[in-house]
Each structure stands twice: as structure tokens, then as C-alpha cells.
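Thanks for coming, everyone. I'll keep this short and go place by place. Please bring up the model.

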Amino acid sequence: MHLNNQRGIKREVVDIDSKLLQRSVKVECFLPTSVKNLSSLDLLLINDGQDMEEMGFGIMLEELISGNKIVPLLCVAIHAGDRIMEYGTAAELDYLGRGYNAGLYTRFIFRELLPFIKSHLKIGSFNEKSFAGFSLGGLSALDIVWNHPHEFTKVGVFSGSFWWRSKNTDEGYVEDTDRIMHAHIRKGHYAPGLKFFFQAGTLDETMDRNNNGIIDSIDDTLGVIDELIKKGYAISKDITYLQIHEGRHDVATWSKAMPEFLKWGWGIGCEV
């Protein structure tokens, strides 16, 4: 266990011995020190927690809270293991068999991580729970939230890997049916109360799979948003999309988007 206080934020790094994932999972807890009743806090889980230091997340969070930009919340960043196998969609592998342990990762969140957080911090329950992630970690976060709307209220996806597909482009791939997350949303059901934040950058990649002049990362993100709209979710009310000009698929770009996400979800004086 490692403690590091950043003014109004206590950062604690702990290792969880996961029986489900059969590895030690490092997590970083960012706890606002000004809050006495921890059960009044919202919880934000973040995939790819190993990127938090490069992002300057602790300082960012402290400045937003101390500047009265957002309400205090507990953030728990989960360091990744084998991303290509643990992230993905729990109910379906991609065409190369990737995401094999995504189901185990989902069970880890509910059976090991959340109970550990409650026990370790002596918190009986949280006001609300949300999930965020980057790239494949963003796909994982949306998959978990979409399939557990009774557990989560918000999700943030930064440069989400929504290209995740059941067929390769040279195997009879059909964009309207073979993008896995899009298909899962299409087959799913509207859950009242869910809110979605998506970010993509204009330089996320250069691929344009369908030659429509829009890079795949943006096209696929907009496609997910379209599927959510068809389910009954509304732009602005339920869905926010942030496109960063010259934004890349990197931590520097996500660092620019993260404060906007935090203010979107927990901004003082804002209703989400």
C-alpha cells in the first residue's frame, strides 16, 4: 500500500489479489479529504489506471474540487493487465478471439473490486456509480455499464475502440451488423437514467474503412450514438459528444477531455 496526499486529495495505491483474473490488480484510489460521510460520494471507476500519473489526474481532480468546479467524488483507477483479453465485450469475442477474459473482468468488478472498495474504505454504499475508460478500456466501460444499468448511471468513453467486430473486413464484413458494441446496443433495451459521454479526436487514426471521408474512430463513435438515439436517448439530455480538433489517440488528448468529462458528470450547478 502506498499513500500520497495531493493537498485536498488522498491518493492510495493498493494491490488486490484477484482469484478471478489470477493476478494482482493494482488500483489507485483518489479520495477527497474534505468529505466526512463517504457514503454521500459518487464513485467513478476508470480503466487503464496506469495512465493516471501521466495525465496528472490527482492534481486535475484536486483543482476542480477546490475551485468549486465539481462536487467531491471518489475515483478508483484500475491498472490494466492483458488489455486485449480482459477488455472488450463480455458476451462476444471479436473475430480474432480477443476479449476472451472480458467476462471475468466484469465479474472482477462486481465480485472483487467493489466489495474491496467498500470494505477497505468502510463505505456501506455510494450515491451513484459511473465508469470511464480509454480506447479498449472505453469499450469495456461502456459494455459493463450498458449491461448493468441498475448499477451505473454514467459512462465516459475516450477514443473508444468501437471498431470491435465479429468479422474482418475481408471476411464478408457488413458495417451495419458486424460492429459488436453497436449490435449489442441494437439488441438491448432502453434503461432510464443512463448518461453517456463520448470523446474522439480528428487525428485518432487515419483509417477510413468505408471510404466515406470520416476516420473510423469518429465514424464508429457516431454510430454508437446513433444506436443509442434509436433506443430513446437524446443528444444533450442523455448524450454528450466531444470532438477534439487535432486530438490524437494518446494520454495528452485524453488529459484535455477529462476535465470536460468531470464537469459534465459532476459539475456544480449543472444537471446531467
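**A walk through the predicted model**

Start with R179, which sits in the loop between α6 (175-178) and α7 (180-187). One caution before going on: this is a predicted model. Is R179 buried or exposed? It is buried, because its relative accessible area is 7%, and the cut-off for buried is under 20%. Where does its side chain reach? It goes to the backbone oxygen of E175, at 3.3 Å. Now set aside the neighbours within four places in sequence. R179 is then in contact with F162, W164, R165, Y173, R209, D219 and D220.

Two of those contacts, D219 and D220, take us to helix α8. Helix α8 covers residues 216-231, 16 residues in total. From first C-alpha to last it reaches 22 Å, close to the 22 Å expected at 1.5 Å a residue. Which residues of α8 are buried? The list is D216, S217, I218, D219, D220, T221, G223, V224, I225, E227 and L228. So what covers them? The cover includes α5 (136-147), α6, α7, β8 (195-203) and β9 (239-248). After α8 comes G232, with a positive phi near 120°.

Stay with α7 for a moment. K187 is in that helix. K187 counts as exposed, because its relative accessibility is 65% and the exposed class begins over 50%. Now compare sequence and space. K187 and D216 are 29 residues apart in sequence. C-alpha to C-alpha, K187 and D216 are 22 Å apart.

Next, the nonpolar interior. How many residues does the largest nonpolar core have? It has 50. The residues with the most contacts inside that core are L45, L74, I78, I109, L142, F196 and F198. Apart from it lies another core, of 28 residues. Among the members of that other core are I70, L73, V251 and L262.

Back to I109, from the largest core. Leave out residues up to four places away in sequence. I109 then touches L45, I78, L114, P115, F131 and I144.

Now I117, in helix α4 (residues 102-121). I117 is buried, because its relative accessible area is 2%. What does I117 touch, not counting residues up to four places away in sequence? The contacts are L43, L45, L74, V76, K122 and F126. L45 and L74 were also on the list for the largest core. One more pair to look at here is I117 and G97. They are 20 residues apart in sequence, and 31 Å apart in space, C-alpha to C-alpha.

On to the strands. Strand β2 (residues 9-18) is mostly covered, with 7 of its 10 residues buried. Its partner is strand β3 (residues 23-32). The pairing is antiparallel, over 10 bridges. For a register check, take R11: its bridge partner in β3 is F30. The two strands form a hairpin, with 4 residues between them. In that turn, Q22 has a positive phi of about 55°.

That brings up other backbone angles. N68 is not a glycine, yet its phi is positive, about 60°. N68 belongs to the loop between α2 (57-66) and β5 (74-78). N68 counts as exposed because its relative accessibility is 57%. N211 is also not a glycine, and its phi is positive, near 55°. You will find N211 in the loop between β8 and α8. N211 is exposed, because its relative accessible area is 67%.

Last topic: cysteines. How many disulfides does the structure hold? The count is 0. As a reminder, a disulfide is a covalent bond between the sulfur atoms of two cysteines. Why does C29 not form one? The closest cysteine sulfur to that of C29 is in C75, 10 Å away, so the gap is too far for a bond. The cut-off is within 2.5 Å. It holds from the other side too: for the sulfur of C75, the closest cysteine sulfur is in C29. What about exposure? C29 is buried, because its relative accessibility is 4%. C75 is buried as well, at 0%.

That's the tour. I'm happy to take questions.

Definitions and conventions. Residues numbered from 1 in each chain as written. Predicted model: local features only at pLDDT ≥ 70, side-chain atom pairs only at ≥ 80, totals over all residues. Heavy atoms only, no water. Buried < 20%, exposed > 50% of the residue type's maximum accessible area, 1.4 Å probe, protein only. Polar contact = N/O pair within 3.5 Å; in protein donor to acceptor, adjacent residues only side chain to side chain. Contact = heavy atoms within 4.5 Å. Core = buried A, V, L, I, M, F, W, Y, C linked by side-chain atoms within 4.5 Å. Expected span 1.5 Å × (residues − 1). Pairing = 2+ DSSP bridges.
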